[in-house]
Amino acid sequence: MKKLFAFVFAAALTGLYAAGTECRISENIIDKVAVYTLDNGVLQVKCIPEASGLISGIYSIPEKREMIAPVRYKVIVDDLMPRRFSVKGHSGVKELAGGVKMEFFNDYRVRKKESSAEKCVLELYSRSYYARDISVVKKITVKRGEALLKVSIDFTAHSTLDKAFLFWLNAIGSMGKERDVVLIPVDGNIKTRSGKGLSEINGKRGIFVDDLPDIHNIYLAPTAPWMARYSKGRAGIQTVVFRKGGDDVVNKGYFSTWKHAQSPLHTIEMYFDKRQLKKGDVWNLEYDILYFAGLRSLRAVAGNYGIDREGNTLLIASAAPVAPGVLKLQSGNGAAEVKLPELTPGKVFKVDLEKLMGKVPSTLTAVLPGDVTCEIPEQISL
Amino acid sequence: MKKFFKTKLFAVVCGAVLCLPAYSAVTTPAIKLQSSGNNLEVISKLPGGDWEKASVKMDIFDGKSGKYLTGKTQTSDLQDKVIVKFSGSDYNCVTEFTALGEMIYGKMSFTNNSKVDKWIEPGLVAGITFTRAPEIFWDGFGKMRKIGKKPIERKGIKGLALAHIGAKELPFPAAGVFGKKSGFHFGYKVFDDVSYASAIYDPAKKELRFTQRHVVAPGETMNINWFIGNASSEFGGAETAVQQHYNAYPERWEVDQDAPYVWGNGAHYQTWKKKPDIELMRRLKATWDWAYTPYKRAGDIACREGLWDYKMGNPPWITKWQRFGGKRVPMYEISREDYLKLRREEYRKHGKRFGWMFYSNCAGTWCEIGLAKERYPDAISNQDPHANHILKKWSTWHDWEIRVFSMGTTFAKAFQEDIDYLVDDIKVPGFAFDCATGGVSYYGPATKKQLPGRAWDEKGVFIDQSVAVNHMVDYIHSSRPGTVVFSNGQLKGDHVMFERDFVRVEELASMMPLYKWYIGARPSLVYGSGFRFNDVIANWRNMSQDEFKEAICKLGIYEIFNQFKYGLARTYITQYGIPDAVDIFPEFFELMRAGWRASVPVKMEKSLYAPYKAAYGKNENIYLFFGNSGTEKTTGQVSVINDQLTGYSGDKLVFVGKKRRGHTLANRFRGKETRFRATLPSRVPVLYETACAISNAPDKMDLLAQSRKDINKETYTVTIQKSPEFTGAIKIRARRGFDPVLKLNGNVIQPGTPQNLKAGDVITAEYTSKVFALPQKKILDFPYTAKNGKVICKVWYDANDKDAERAAKRFDDFFKFLQDKNVLKKGGKVQFVNAPELRGGAGVITLDSTAKAAKVSLTPAGGLLIAAPGEDALEKTVSSVLDIMDKRYPYFLPFAPCGGMPGEVLKYFKMTGKTLPLNKFFD
């Protein structure tokens, strides 16, 4: 096994990611709607409980960069119709259920706000999840100094549901003015999932890069529980990763990417297989939204690490501060180890694979500190 | 080619200004057209408007040469007509301008004398002299666009995409610019064969250009319609312009008042997927149903020999979609012969009676892909880059279907043959045209033929899908007269479906009013997922039963108000459990028959709160609807702008509240307005109807209008309380099913004849029912049941009168229904009697299908006689008697699980089987 030949690249942004600020939550009424902001010194995350707990803003403080297009909304107060949250064009990240039209929202109430120097948590509650007899607790957490937010969803079924329940996540970020490029780890050999016919990508397996200019609705089977997006004009990757439930969505669910007409927005969706919940069943899901500031593309997500590969250079970033450790790499050509320095959001560590391992095939496997293993596949397109 | 189009084709240069001599003039109440030197000139006749005059030029762009046509002009100055002739070496163009309603109508005939197709783009260009700069550009679509400094335009006729089908919204065939007071607009006739039209307003030049593109074959003479209009914008410029179109050529929207099926609610699959129940349908006033895909393969509605067995694109078959009157059809096993036999039997049994509208390849726009490729390749429409062309699992749910073009193609021929066959063989009463929409261009081989609607663009010659759909509707009407077409889309059809929900507020706002402008006076209905309770109140589990009742009560009113606002019928899914939704049927259908109006020219005092309003009818036959959605009653003055409501006829309208027993209302004429005080209770639909119209009335006049109504007689009385003496004519409303007599001070006079009128005069319009020769009380008091509620009803018919026998069964259905619902005690039943001596006897209902006209009367012995000519008429007359009997045996269908109202919700709130209180809004 070859050992340690690497170099550290400290992104120019690194200094901006100093984790000195304490975490806090604030509430503002904007256009008649309560908007909560969770601030951990790195990210400012906005959430609208009334609108399905929509993540309506993710702002990188060091980069002064908003990663979700403004949600243009209004509240319709009508004499005869219930108060309605209404958006013009969809944006942000929210959970949905099968059969629910995008224009309808689940009205969450804030159950708890916790804020300390180290983290802040916004806990939302709704007695029903899009009218189903399921109560739901949605928790959004940010920790000091991290370029990530955690969302946990805890469902409790109060009766046995008549129909199986389809959960899906709709995530519409926006990393630049032009339509984002979307990345999905996919297996093109799988033709159907959960009764859904999938798009044909000629049996390829790898990171599907959706940079298609025209209208395309694409449905694919994932090989890992994440989808990512970036803007061609600027470094920085926004990634949505399922933690709890990740295996389920990879093994039984499917992912979708689509765009509409001339809209600059690019939607990503993560569909779980339909689930039959019985009275008393509890279902926990958890996903993170991570921001890898220095990366320009992404091949793998492992823990809080984001890994990309540019030719024979491997790039490693972390959305949360991590202590030094060892990176183990495995390919058809053999194995190697690299000492990873301490990483903080904004810092990118580069490994010259050729120098380390000789000619490296297009796919290799990495084991990162904490024993998280991931495959680093090649990129594919239609 | 592309470059050429960018640089030359759309350049606004006027190469062929048509020169006219002076003194030609065409005049309407709103606008005057005359010649002025070398130009046409239009002058506004609306005082205080935002524009005074405009020069109007005509030009014709040649799409092939990229130049404007040049040639000689010649004009003829005739009485009320201006004719402009324009000719060149290989073409001849004649345009005749006349008055049509409030607009100037230009009928252009273009003859191509060359040996090749001519690609023309004729246009009208107005240089407008404004008194105040216009603010709004109306491009024909539903949303107004603010005018800035740069030119603003609409090119083509494709609007927002509609759902997944790739079709687009079409603009209303007009465009204009509007200020606060008035505006100028151009247009052509709705449903004209136009595949491309454009509108551009240049604020720097104050110039509005409006064009159409056509391809004219060698030797062909093509007729092209134009309008020049002037509309007040006080109540919406676009709305008023649309209303001017309605007034100018109403025939394009008119549907025969006696047409079967169209003037009712939809059954929403209650007779198609379930066993049909005639009594339930009567109660729901459901006159038709959407007979979904009664065939195996899209593109083969006849199920032709040789096409039955084929490889499906997307098995397995979903059997639940194949039902006839509730019968499940095992499509995998059934042979073609057995299927056709079953379909024929079921259709002949139920099709006509329940109005099964045969779903037909959407609107002849989709075909199973294998079939299209094998048999109809010329019809495949797959070259429009802005639309999808293949849908998986589409109309039949088990195939891939490809877009086809149903005019001038092999598919069109087969489709027409199939339509004829279905009407002749299985007695299809009408067709359901799903997705009757346009906005998709067909560039296929049929465009080489001399077909209507050919236009051109940078890709070549094309025809919009809408032209083909409209012509297919025409084909059905002409080939099999009496066959109706139900359209789900903006295009032609005898009844139009708006496949959305009122509760989807954003969609409603996005699609209305444009969609309704297209529907106009035609019968129509909203057809969707009802209340969508799970979506609209996703957190309903937080509510108490009282809160649920309040919420559903408000949603019920919301539906009723929108129903009146847009003139859309509904289906049972928003009517179960809400008696008011059913109770309003008679009034609503009367208004729908009168014809929805685009504009509501009514001013309301600030104290009045009515966010919902609508107007129906025309001339002396006007209805007004107001809906106060607030929590408090409001009162104030309503001022009706008579000129706009009557198309500047000069008549002034007298109103009275529309109530079932009668109403009294004080009216005042002030200038050109009719004023009255209105009281709008909270969340109650309020209707007004015209009692009469008076021409030449003085500026100040006070009148008292009264109405008194029963089923056999209605009387409208208008007393002139204050007025100088004058000579005017009186017109009265036509009442369907009634013969009117107009009296002045007790003397019969002819409507519309000059009369000397003064204070104290009494105008009386007496309407005698053509059908009911007895008051309602006599029907209500008839001994159908004993005091203890036992059914003792006796129905007599001649034993040989099979039509009467079927109608007699309706009484049995009626009472059995009430017994099933525990309204009446079980046990007794209707006795059918045939003994001659019992005919007309006391306490006996006598049915006769051999009468010359429908009549309901009392027999000398005190029996009830119901007579009508033939099976359908007698059954209809019996239904109208049952409608009255409903008042004696009230029962409203309670809350039950249905689309948009899950059983889980009703169960949670313990509302299954219950109803909200009945308010009797119009009693």
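Me: Which residue follows α17(B), and what is the value of its phi?
Reply: Happy to start there, with the reminder that this is a predicted model. Helix α17 of chain B covers residues 802-820. The residue that follows α17(B) is B:N822, and its phi is positive, near 65 degrees.

Me: What span should the 19 residues of helix α17 of chain B have, and how far apart are its end C-alpha atoms?
Reply: The estimate takes 1.5 Å a residue, so the expected span of α17 in chain B is 27 Å. That agrees with the model, where the end C-alpha atoms are 27 Å apart.

Me: Which residues of α17(B) are buried?
Reply: Buried here means under 20% relative accessible area. The list for α17(B) includes charged side chains, as B:R810, B:D812 and B:D813 are in it. In full, the buried residues are B:A804, B:A807, B:A808, B:R810, B:F811, B:D812, B:D813, B:F814, B:F815, B:F817, B:L818 and B:Q819.

Me: How does helix α12 of chain B compare with its expected span, and which residue comes just after α12(B)?
Reply: Helix α12 of chain B has 22 residues, 545-566, so at 1.5 Å a residue it should span 32 Å. Its end C-alpha atoms are 31 Å apart, which agrees. Just after α12(B), a positive phi of about 65 degrees is found at B:G567.

Me: Where is B:G123, and is it buried or exposed?
Reply: B:G123 belongs to strand β10 of chain B, residues 118-130. Its relative accessibility is 1%, and the cut-off for buried is under 20%. B:G123 therefore counts as buried.

Me: Which residues is B:G123 in contact with, leaving aside its neighbours within four places in sequence?
Reply: One distance helps to place B:G123: its C-alpha atom is 9.0 Å from that of B:S198, 75 residues apart along the chain. Contact itself needs heavy atoms within 4.5 Å. With the sequence neighbours set aside, the partners of B:G123 are B:K57, B:M58, B:D59, B:F210, B:T211 and B:W226.

Me: Which peptide bond is cis, and what is its omega?
Reply: Most peptide bonds are trans. The loop between α9 (505-511) and α10 (514-519) of chain B holds B:P513. The bond from B:M512 to B:P513 is cis, with omega near 10 degrees.

Me: What is the phi of A:S194, and how exposed is this residue?
Reply: A:S194 sits in the loop between β17 (192-193) and β18 (196-197) of chain A. It is not a glycine, yet its phi is positive, near 55 degrees. With a relative accessible area of 31%, A:S194 is partly exposed.

Me: Is B:K910 buried or exposed?
Reply: B:K910 lies in the segment after α19 (903-908) of chain B. It has a positive phi of about 55 degrees although it is not a glycine. Its relative accessibility is 62%, and the cut-off for exposed is over 50%, so B:K910 counts as exposed.

Me: What radius of gyration does chain A have?
Reply: Chain A comes to 2 helices and 34 strands, and its C-alpha trace spans about 70 × 50 × 45 Å along the principal axes. A compact globule of 382 residues would have a radius of gyration near 21 Å. Chain A agrees with that, at 21 Å.

Me: How far apart are the centres of the positive and negative side chains of chain A?
Reply: Chain A has 54 positive and 42 negative side chains. The centres of these two sets are separated by 1 Å.

How values were computed. Residues numbered from 1 in each chain as written. Chains lettered and ligands numbered in written order. Predicted model: local features only at pLDDT ≥ 70, side-chain atom pairs only at ≥ 80, totals over all residues. Heavy atoms only, no water. Helix = DSSP H or I, 4+ residues; strand = E, 2+ residues; numbered from the N terminus. Expected span 1.5 Å × (residues − 1). Buried < 20%, exposed > 50% of the residue type's maximum accessible area, 1.4 Å probe, protein only. Rg over C-alpha atoms; globule rule 2.2 N^0.38 Å. Charge placed at Lys NZ, Arg CZ, Asp CG, Glu CD.
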